[in-house]
Amino acid sequence: MSNAATDYTLAELCIVAAAEAFRPDGEVLATGIGVIPRLAASLAMKTFNRDLMMTDSEAFLLSEPNPIGARGDDFVQANETWMGFSRIFDNVWSGRRHAMLGPTQIDRFGQSNTSALGGTYEQPKVMMLGARGFPGNSISHPNSFFVPSHNTRVFVDGECDFVSSIGYNPARLPKGHSLDEVDIRMVVTNLCVMDFGGADHGMRLVSLHPGITVEQVCENMGFDLEVPADVPATPAPTEKQLAIIAALDPHNQRAYQIKDNPPGNPSGGGN
Amino acid sequence: MDKQMTAAQVVAQLGDGMTIGIGGWGPRRKPMALVREILRSDLKDLTIVSYGGADVGMLCAAGKVKKLVFAFVSLDFIPLEPYFRQARQAGAIEVMEIDEGMLLLGLRAAAWGLPFIPTEVGLGTDIITRNPDIKLVDSPYDDKEWVAMPALQLDAALIHVDRADTRGVCQIAGPDHYMDDWYARAADKTYVSCDELVPTEYFRDPAQARLVHWERAATTGVVPIPGGAHPTSCSPLYGFDVPHFKAYNATAKEGGIQAYIDQYLGSSEAEYQQNVGGLDAIRAIALPTY
């Protein structure tokens with residue numbers, strides 16, 4: 001690969017890998033919740049999918065993604081239309097959106113949990129955010145996930161404690177509907193990239209980050225993962241991509257998203 | 001018609017067991033002065049409908065909430081609302097947990113006098129299995145079943161706006177009015193606190209009138225309370241108070257809501273504002289950058 005960098009962080013590798021989720025989307029609203037998903041969507045919009053739409057995380061749609069964090073008094077954001085929260089739902093329900101989110105649990109069906117852990121529903125052991133927009137997102141438009149810490153507490157055995165988003169679970173399929181209405185695209189973690197392209201929409205390994213083995217990934221899953229015969233390495237960022245990411249994240253918030261901010265290529269250049 | 005009233009008069013019109021919708025979103029433009037007046041009252045057994053933040057947390061902690069209709073409760077930069085969590089983890093409140101968009105549809109159904117609005121949102125999730133009151137219905141036009149999101153009829157809505165006149169013309173000048181227009185339309189009575197009371201002529205300028213999101217007939221009462229959204233934001237007038245929210249969050253670990261109430265609430269909004277540094281300090285809080 002031309003201009004492949006040797007010195008990059010795991011966060012930057014994940015941003016570049018996650019950006020690929022938005023490559024085939026065409027003209028849709030790209031919503032990345034959290035620093036790495038937002039930078040992934042922004043990188044895609046700055047490079048190989050200029051047609052993406054993105055908000056300022058408040059109330060305007062932008063023709064250029066905003067850098068993250070304080071931007072200086074002379075910064076003028078590239079508004080193109082009002083996009084308040086009520087209008088977000090008009091967009092969501094039209095299907096012209098792709099969201100990348102980080103739920104607390106994901107199960108073998110691609111169902112996810114943002115709400116409650118353990119105990120009973122009436123009295124959960126750990127209460128989190130609530131279902132948020134996950135139910136509507138999951139039935140209305142494509143979704144991807146980012147998981148900064150790949151382990152069996154996230155990729156759970158059995159079903160999620162609370163199912164916030166619909167997945168490929170035949171037992172929960174509503175009457176007359178098809179699993180093809182569900183569209184879960186890409187799952188990027190600190191270890192690998194996965195999708196739901198396995199048998200019967202099962203979860204499948206797509207690529208391994210440098211230095212990571214199939215065994216490491218499987219040990220950190222609460223359910224079986226389909227592993228193809230040949231699993232490529234997750235492509236390294238290019239120098240150009242790293243420069244764009246740095247410009248989109250001038251305060252280096254990406255350094256705080258994965259524990260200890262490890263290098264992306266442990267055997268490669270220093271960090 | 002002069003709709004001007006005080007926060008105490010608003011709360012006097014509310015009753016035990018009522019369903020009350022609270023406008024705003026998370027830590028943004030919440031009618032906190034009206035919420036504080038509820039905290040000072042004997043009101044109880046409320047059903048609260050909210051895109052929740054500290055409004056929900058405070059009311060839960062003070063034992064005012066029987067049931068919560070919600071999609072999330074969050075302070076944004078502090079993702080998990082501490083007192084809401086405590087209430088849930090103690091099994092202290094009933095909940096109707098729904099999707100953010102379902103909440104909007106429920107308000108619209110109430111506003112339009114419909115028993116429900118059909119939607120695909122919620123299908124296949126625990127929103128359906130955990131809410132026996134939310135039914136699935138067969139479509140008369142296809143062979144699929146759909147979610148019948150029931151109307152969220154509100155006895156009262158509480159909203160904070162930037163500006164209003166005494167006739168109930170309300171202006172939200174910040175970038176987003178969230179779902180506040182639907183709260184106003186879904187409620188039997190809508191009480192609005194405003195940062196600035198303005199003469200009716202203020203709205204003659206079409207640029208100002210464009211920022212009025214519902215008709216005055218949907219406004220029952222107007223309560224002028226400069227700074228009344230604190231500690232939440234009222235963009236563009238002021239941002240949300242990060243140090244205050246951190247202090248509030250800390251009381252959940254030590255001292256409890258009583259410590260927060262003792263330190264800040266006071267017997268009136270004037271006293272509260274003194275306790276948090278005064279109106280000038282509130283108005284000086286910078287807007288957040290996302």
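Which residues of α6(A) are buried?

## Helix α6 of chain A

In this predicted model, the buried residues of α6(A) are Gln241(A), Leu242(A), Ile244(A) and Ile245(A). Viewed along the axis of α6(A), these buried residues fall within an arc of 165°, so they line one face of the helix. The cover over the buried residues of α6(A) includes two helices of chain A, α1 (10-19) and α2 (35-46), while on the other side of α6(A) the residues Lys240(A), Ala243(A) and Ala247(A) are exposed.

The segment that comes after α6 (239-248) of chain A contains Gly264(A). Gly264(A) counts as buried because 27 C-beta neighbours lie inside 10 Å, where 20 or more are needed for a residue to be called buried. When residues up to four places away in sequence are not counted, Gly264(A) touches Tyr8(A), Thr9(A), Leu10(A), Glu12(A) and Leu13(A), together with His209(A) and Pro210(A). For one of these contacts, that with Glu12(A), the separation in sequence is 252 residues, whereas the C-alpha to C-alpha separation in space is 7.3 Å.

## Strand β11 of chain A and its partners

Strand β11 (residues 184-189) of chain A has six of its six residues buried, so it is largely enclosed by the rest of the structure. Strand β10 (residues 143-147) of chain A runs parallel to β11(A) and is joined to it by four bridges, and within this pairing Phe145(A) has Val187(A) of β11(A) as its bridge partner.

With strand β12 (residues 192-195) of chain A, β11(A) runs antiparallel, and two bridges join them. The connection from β11(A) to β12(A) is a hairpin through two residues. Val187(A), the bridge partner of Phe145(A), also stands opposite Met194(A) in β12(A).

## The contact between chains A and B

Where the chains meet, 41 residues of chain A are in contact with 40 residues of chain B. On the side of chain A that touches chain B, α3 (85-94) and α4 (134-140) of chain A each supply at least two residues. Sorted by class, this side of chain A has 19 nonpolar residues, 14 polar residues and eight charged residues.

## Domains and the three-stranded sheet of chain B

The domain assignment divides chain B into domain 1, made of 7-98 + 152-276, and domain 2, which covers 115-150. The C-alpha centres of these two domains of chain B lie 30 Å apart.

In chain B, three strands form an open sheet with antiparallel pairing, and their order is β5-β7-β6. The edges are taken by β5 (116-119) and β6 (135-138) of chain B, each of which has a single partner strand, so one side of each is left without a neighbour in the sheet. From one strand to the next the twist averages 40°. The antiparallel pairing of β5(B) with strand β7 (residues 145-150) of chain B extends over four bridges, and here Ile117(B) has Met149(B) in β7(B) as its bridge partner.

## Val223 of chain B

Val223(B) belongs to strand β11 (residues 221-224) of chain B, and with 26 other C-beta atoms within 10 Å it is buried. Leaving aside neighbours within four places in sequence, Val223(B) is in contact with Met5(B), Thr6(B), Ala7(B) and Val10(B), and also with Tyr191(B), Val192(B) and Ser193(B). Ala110(B), by contrast, stands 113 residues from Val223(B) in sequence and 25 Å from it in space, C-alpha to C-alpha.

## Helix α10 of chain B

Helix α10 (residues 256-265) of chain B has Ile257(B), Tyr260(B) and Leu265(B) as buried residues. Seen down the axis of α10(B), the buried residues fall within an arc of 80°, so they line one face of the helix. The face of α10(B) turned away from this buried side carries Gln258(B) and Asp262(B), which are exposed.

The partners against which the buried residues of α10(B) pack are, in chain B, α2 (32-39), α3 (54-61), α4 (82-89), α9 (242-253) and α11 (269-275). Following α10(B) comes Gly266(B), with a positive phi near 70°.

Methods: Residues are numbered from 1 along each chain as its sequence is written. Chains are lettered from A and ligands numbered from 1 in the order in which they are written. This is a predicted model: local features need pLDDT of at least 70, side-chain atom pairs count only at pLDDT 80 or more; totals for chains, interfaces and linings use all residues. Two residues are in contact if their C-beta atoms, placed from the backbone, lie within 7 Å. Ala, Val, Leu, Ile, Met, Phe, Trp, Tyr, Cys and Pro count as nonpolar, Asp, Glu, Lys and Arg as charged, and the others, Gly among them, as polar. A residue is buried if 20 or more other C-beta atoms lie within 10 Å of its own, exposed if 12 or fewer, and partly exposed in between; C-beta atoms are placed from the backbone. The arc is that of the directions from the helix axis to the C-beta atoms. Two strands pair if DSSP finds at least two bridges between them. Axes are lines fitted to C-alpha atoms, for helices over the stretch in contact, and angles run from 0 to 180 degrees between N-to-C directions. Domain bounds come from an automatic or database domain assignment.
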